[in-house]
Amino acid sequence: MGCQSCAVGGCGSKAKTTTDGGAEVATKTAGCSSGGCSSGGCNKLNSFDWLSDMTPGSLSMTPSGIAVVEVKFKGGRKEYFRNVHNLDLTTGDFVACEMTAGYHLGAVSMQGDLVRLQLKRKHITVNDDTKVIQRVASARDLEKHEQAILRDLPSLYRAREIVRELKLQMKLSDVEFQSDNTKATFYYSSEDRVDFRELIKMLAGEFKVRVEMRQISLRQEAGRIGGVGSCGRELCCSTWLTDFKNITTSAARYQNLSLNPAKLSGQCGRLKCCLNYELDTYVDALRDIPTVEKPLETQKGRAFLQKTDIFRKIMWFGYSSESTWHPLPIKRVLEIVALNKQGVIPESFDVLTPIGEREVVTAAALNADLTQLDKKYAIRSSSSGRSKKKKKR
């Protein structure tokens, strides 16, 4: 059973028609790995199974010879189960999975060789203790599953009221009822240890089920709830991101971002995960940019570094007495830094020759042309004076 609301195949579960002995047979391409649209939407932690068309065989087995299937539950939670009954499963089918007590319905999100690779990547060992898939979900199972989903939201509101009555420092973010309505898992976040023994008693008495409290981080909470980021897209943690790596403010410094917590923080209140996406590119580009430990010295004054255009290789400097910034290429900055280390202070950013070392031009050299003109006119004036004296005689 695939996604019911994806009639146009938008999630990748596109139907195709093949011929089998002259007869047309409708099949599906396993593309929608969200499990089912009712369990969180087609964009929630999707993973396209590119090897779904391969013939089942040794590729679908673990090294121990056990067929393993990845099943997705509400909130993007994925677990691995053994297909000991050799059920004919298709990506998107709802199956009844074995739990510690009872069963829970989930959707097949991946099978085949990709499951083996995932188990290897996550260092998961499959043995006899691994839970199994009991059966393909029937119409009755799906009906009970939908009823369990309808209990989630009202139960969450009521549980939050109980938390406020007990004055516990914790935040309930989500609740998930097991498909057989025998167990409820409450997801919460808290910065301190919480004594919720009394809370469990009250919740069990209120909902008549076994209660499990599971603490999650703020990033996991944002991933379960979902939302839209400042970029206008769905949150990465709720669509495809599963591994939350450590993010520090140095990632923002490398990218010359303003250290404004309101802009750098995501909906979880922590630094945005996307700060790490382009960090390696910035680190590689910064290798060619010098580190200016102190202001540049010029005859005009001390110039302080104001901004660096990493990819254009331009550094902007400004004097404390001016509001104008001067762009300098990296080559010119290195030249000025080298002169300052030698104790030489250039005249300006454009003229690197210091005033004291510039070629001295004497006044005689500057006035050489004037001197020649004076001599020329002096000779003319003397000759004209002689001619006037001869005329008077």
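Strand 11 and strand 12 form a hairpin with 2 residues between them, and that is a handy place to start reading this predicted model. From there, the briefing follows the sheet around the hairpin, then the aromatic rings, and then the two nonpolar cores.

**The sheet of strands 11 to 14**

- The hairpin strands, 11 and 12, run antiparallel and are joined by 3 bridges.
- One place to look in this hairpin is L296, whose bridge partner in strand 12 is A303.
- The open sheet has 4 strands, in the order 11-12-13-14, with antiparallel pairing.
- Strand 11 (296-298) and strand 14 (325-329) are the edge strands; each has a single partner strand, so one side of each has no neighbour in the sheet.
- On average, neighbouring strands here are turned by 40° against each other, direction ignored.
- Strand 12 (residues 301-309) pairs with strand 13 over 6 bridges, again in the antiparallel sense.
- Two cross-strand positions help you find your way: T308 has M315 in strand 13 as its bridge partner, and D309 stands opposite I314 in strand 13.
- Strands 12 and 13 also form a hairpin, this one with 4 residues between the strands, and K313 in it takes a positive phi near 60°.
- Helix 10 lies across strand 11, strand 13 and strand 14, and runs at about 95° to strand 14.

**Aromatic rings and charges over them**

- In total, the structure holds 8 aromatic pairs.
- One of them is the tilted pair of F317 and F349, with 6.5 Å from centre to centre and 45° between the planes.
- This pair links distant parts of the chain: F317 belongs to strand 13 (residues 314-319), while F349 is in the loop between helix 10 (330-341) and helix 11 (363-366), 32 residues apart.
- Both F317 and F349 are buried.
- F349 also forms a stacked pair with Y319, at 5.5 Å centre to centre and 20° between the planes.
- That second pair likewise links distant parts of the chain, with Y319 in strand 13 and F349 in the loop between helix 10 and helix 11, 30 residues apart.
- Why do Y319 and F349 count as buried? Buried means under 20% relative accessible area; Y319 has a relative accessible area of 5%, and F349 is at 6%.
- Elsewhere, ring pairs link F177, F186 and F207 into a cluster.
- Two rings have a charged residue over them: R224 lies over the face of Y187, at 3.8 Å from the ring centre, and the charged end of K307 sits over the ring of W316, 4.9 Å from its centre.

**The nonpolar cores**

- The largest nonpolar core has 21 residues, and the members that touch the most others are M170, L172, F177, F186, L199, L203 and M213.
- Helix 3 (152-166), strand 8 (171-177), strand 9 (183-189), helix 4 (197-207) and strand 10 (210-215) are the elements that give two or more residues to this core.
- Helix 3 gives the most, with 4 residues.
- Which residues is M213 in contact with, leaving aside its neighbours within four places in sequence? They are M170, L172, F186, Y188, F196, L199, I200 and L203.
- There is also a second, separate core of 17 residues, which includes Y319, I330, I336 and F349.
- Two names in that second core will be familiar from the rings above, as Y319 and F349 form the stacked pair.

Conventions: Residues are numbered from 1 along each chain as its sequence is written. This is a predicted model: local features need pLDDT of at least 70, side-chain atom pairs count only at pLDDT 80 or more; totals for chains, interfaces and linings use all residues. Side-chain values use heavy atoms; hydrogens and water are left out. Rings of Phe, Tyr and Trp (its six-membered ring) pair if their centres lie within 6.5 Å; planes under 30 degrees apart count as stacked, over 60 as edge-to-face and the rest as tilted. Buried means under 20% relative accessible area, exposed over 50%, partly exposed in between (1.4 Å probe, protein chains only). A charge sits over a ring if NZ of Lys or CZ of Arg is within 6 Å of the ring centre and within 35 degrees of the ring normal. Two strands pair if DSSP finds at least two bridges between them. Axes are lines fitted to C-alpha atoms, for helices over the stretch in contact, and angles run from 0 to 180 degrees between N-to-C directions. Contact means heavy atoms within 4.5 Å. A nonpolar core is a set of buried Ala, Val, Leu, Ile, Met, Phe, Trp, Tyr and Cys residues joined through side-chain atoms within 4.5 Å.
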